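This briefing is meant to be read beside the sequence and the coordinates. Please keep both in view while going through the points below.

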Amino acid sequence: LHQRNKACLQLNKTAAYKAILNVDGSHLSQKDAANFIADWSANIQVVTESGEQMTIAQAANALSSLTIESARKLTSDVSDFGESMSAMESIEVKNRSNMPATLLFKCIPYLGLDHREFEIRLSVLTGGSRPEISLRIVGLEPHKEDIALEFKDRLVADFEGYEMKTFIGTAN
């Protein structure tokens, strides 16, 4: 009767944790990025590139109003025995005020576990016809490992006194 009885444990993600997983690695419009910050304002602390804190309203306004400056520089040298040419292009995103660089997002990832703080980096993508805001969770895999260890520790503590081995992972 080896492996006849199987169980599958799946923890319920909180709405806040689902929200940051859904935006991780995505490219949002300016409006969608501003709405994300406004919608989750209770969980978010916004930090500029220089480390200053901004309010949610300041961050949403900064993302809604962007100026993209592009410059191209071409240098050419010609002589009797050679020719050299170099091109440099620079693109810079500006705003009247500071730009948000990092979101510190605090939430409980799964019901029954502790609060965690996730660092989400913002970057502006200028390659398309409209600017897009990219959001990326810094160190997501180590966070997932820590969450698994926290759950395992709680499980082991709850079954203290029983002879049971506990592992992290899947078995087929």
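What follows covers a network of salt bridges, the largest nonpolar core, contacts between distant residues, and the second largest pocket.

The structure is a predicted model, and it holds six salt bridges. Asp114, Arg116, Glu150 and Arg154 are linked in a network of such bridges, while the largest nonpolar core has 29 residues and the second largest pocket encloses about 200 Å³ of space.

**Salt-bridge network**

- The side chains of Asp114 and Arg154 meet in a salt bridge, with a distance of 2.7 Å from N to O. This pair links distant parts of the chain, 40 residues apart, since Asp114 is in the loop between E6 and E7 and Arg154 is in helix H4, which covers residues 140-158.
- Asp114, with a relative accessibility of 42%, counts as partly exposed, and Arg154, at 33%, also counts as partly exposed; neither is buried, because that class requires a relative accessible area under 20%.
- A salt bridge also joins Arg116 to Glu150, where the closest N and O atoms are 3.1 Å apart. Because Arg116 lies in strand E7 and Glu150 in helix H4, the pair ties together parts that are 34 residues apart in sequence.
- Arg116 is buried, its relative accessible area being 17%, and Glu150 counts as buried at 11% relative accessibility.
- Glu150 forms a salt bridge with Arg154 as well, and here the closest N and O atoms are 3.3 Å apart. Both of these residues lie in helix H4, where they are four residues apart, or about one turn of the helix.

**Nonpolar core**

- In soluble globular proteins, nonpolar side chains tend to be buried together.
- Within the largest nonpolar core of this model, the residues with the most contacts are Ile20, Phe36, Leu103, Phe105, Phe118 and Leu135.
- Both helices and strands contribute to this core: helices H1 (15-23), H2 (30-39), H3 (56-64) and H4, together with strands E2 (44-48), E6, E7 and E8 (132-137), each supply at least two of its residues. The largest share, five residues, comes from H1.
- Leu103 touches Phe36, Ile37, Ile44, Gln45, Val46, Phe118, Glu119, Ile120 and Leu122, when residues up to four places away in sequence are not counted.

**Contacts of Asn43**

- Asn43 is found in the loop between H2 and E2, and its C-alpha is 5.2 Å from that of Lys106, although the two residues are 63 apart in sequence.
- Once its neighbours within four places in sequence are left aside, Asn43 is in contact with Ala16, Leu104, Phe105, Lys106 and Cys107, and one of these partners, Phe105, is also listed among the residues with the most contacts inside the largest nonpolar core.

**Second largest pocket**

- This pocket is lined by 10 residues, and those lying nearest its centre are Glu49, Met99, Pro100, Ala101 and Leu122. By class, the lining has eight nonpolar residues, one polar residue and one charged residue.
- Strand E6, spanning residues 100-107, and strand E7, spanning residues 116-125, each supply at least two residues of the lining, with E7 giving the most, namely three residues.
- Leu122, which lies among the residues nearest the centre of the pocket, is also one of the residues that Leu103 touches.

Notes:
Residues numbered from 1 in each chain as written. Predicted model: local features only at pLDDT ≥ 70, side-chain atom pairs only at ≥ 80, totals over all residues. Heavy atoms only, no water. 1 Å grid on protein atoms, 1.4 Å probe; cavity = no way out; pocket = protein on both sides within 12 Å on 5 of 7 lines; lining within 4 Å. Points joined across faces, edges and corners; volume = space filled by probe spheres on them. Nonpolar A, V, L, I, M, F, W, Y, C, P; charged D, E, K, R; others polar. Salt bridge = Lys/Arg side-chain N within 4 Å of Asp/Glu carboxyl O. Buried < 20%, exposed > 50% of the residue type's maximum accessible area, 1.4 Å probe, protein only. Core = buried A, V, L, I, M, F, W, Y, C linked by side-chain atoms within 4.5 Å. Contact = heavy atoms within 4.5 Å.
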